[in-house]
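Biologist: Could you walk me through a few places in this structure, taking them one at a time?

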Amino acid sequence: MDAIRHTCLKLEVPTNAQPNERSSIFVKGTWNHLRFDLSITDGFHAWTCHATEDEVRLRAAQWDQEPSDYVALAERYLGFQQPGSIYDFADAGNGYKRLSWTFDKEGMKLEWRWKCQPASDNKTTTAGILNFLMDANIRLSEEVVRKNQSVERLKAESEKCLAQSEKICDEKVEFETAIYAKFLNVLNAKKAKLREYRDQLSRQTITGSKLKQEEYSSDKTESFDDESDAEKN
């Protein structure tokens, strides 16, 4: 199925009376896969152009293009003003206008032209373009409001996440400080206990050495006394 697309482009084009002066026109496009329609107004008068599938196929064949590619390129230049392209909206006689624009291809500047007929009802055609612009402006404004609301929600959520992160960080620091303090107390208690055991062991070692020395001295004294008695005998 063809996807219908709509565009509206404001163009500054030369006036017929004085080429150095420029006037504004609005070009509304309705684009299908193989055809398109244009509605154009300068605020006072309006024109229309209905490019049928047969006309598009004929033009595309002249340019050695697929019809869909031809429509896509026309939409590109009439949907958005392209830098470097020269647009014109010149008289074509009997109230008709010729809309043209240029584009570069393989180093050559080419030009496409489409003849536009006077609208059957200037007011209706102009009103349709203005209504499209108003609806597009309303949709854009609503989209901006939604984007702003989304940004505010994201900002509030970000601030909330930041506050939670800071809280968690503070709690982590407090927890680590408390754990470190408890670990330090346990470590100091272990050190004190080890010093106590070391002191006890040192005292026991000193006491044992003294006892051995005393026993050794006693044994030596007894041996000396025994020898003395023997000699006497």
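Modeller: What follows is a short exchange about two surface patches and one strand residue in this predicted model.

Biologist: Is Tyr 180 buried, partly exposed or exposed?

Modeller: Tyr 180 lies in helix H3, which covers residues 122–232, and together with Phe 183, Leu 184 and Leu 187 forms a nonpolar patch on the surface, the four sharing about 390 Å² of accessible area. The class exposed applies over 50% relative accessible area. Because Tyr 180 has a relative accessibility of 54%, it counts as exposed.

Biologist: Which class of exposure does Glu 166 fall into?

Modeller: Glu 166 is also a residue of helix H3, and with Asp 170, Glu 171 and Glu 174 it makes up a negative patch on the surface. Partly exposed is the class between under 20% and over 50% relative accessible area. The relative accessible area of Glu 166 is 46%, so Glu 166 is partly exposed.

Biologist: How far apart in space are Phe 26 and Leu 11, C-alpha to C-alpha?

Modeller: Phe 26 belongs to strand S2, residues 22–31, and with a relative accessible area of 26% is partly exposed. Leaving aside residues up to four places away in sequence, Phe 26 touches several others, among them Leu 9 and Lys 10 as well as Ile 129 and Leu 133. Although Leu 11 and Phe 26 are separated by 15 residues in sequence, their C-alpha to C-alpha distance is 6.3 Å.

Definitions and conventions:
Residues numbered from 1 in each chain as written. Predicted model: local features only at pLDDT ≥ 70, side-chain atom pairs only at ≥ 80, totals over all residues. Heavy atoms only, no water. Patch = residues over 30% accessible without salt bridge, like charges linked within 9 Å, V, L, I, M, F, W, Y side chains within 5 Å. Areas by Shrake-Rupley, 256 points an atom, 1.4 Å probe, with all protein chains shown as cover. Salt bridge = Lys/Arg side-chain N within 4 Å of Asp/Glu carboxyl O. Helix = DSSP H or I, 4+ residues; strand = E, 2+ residues; numbered from the N terminus. Buried < 20%, exposed > 50% of the residue type's maximum accessible area, 1.4 Å probe, protein only. Lys, Arg positive; Asp, Glu negative; His and termini not counted. Charge placed at Lys NZ, Arg CZ, Asp CG, Glu CD. Contact = heavy atoms within 4.5 Å.
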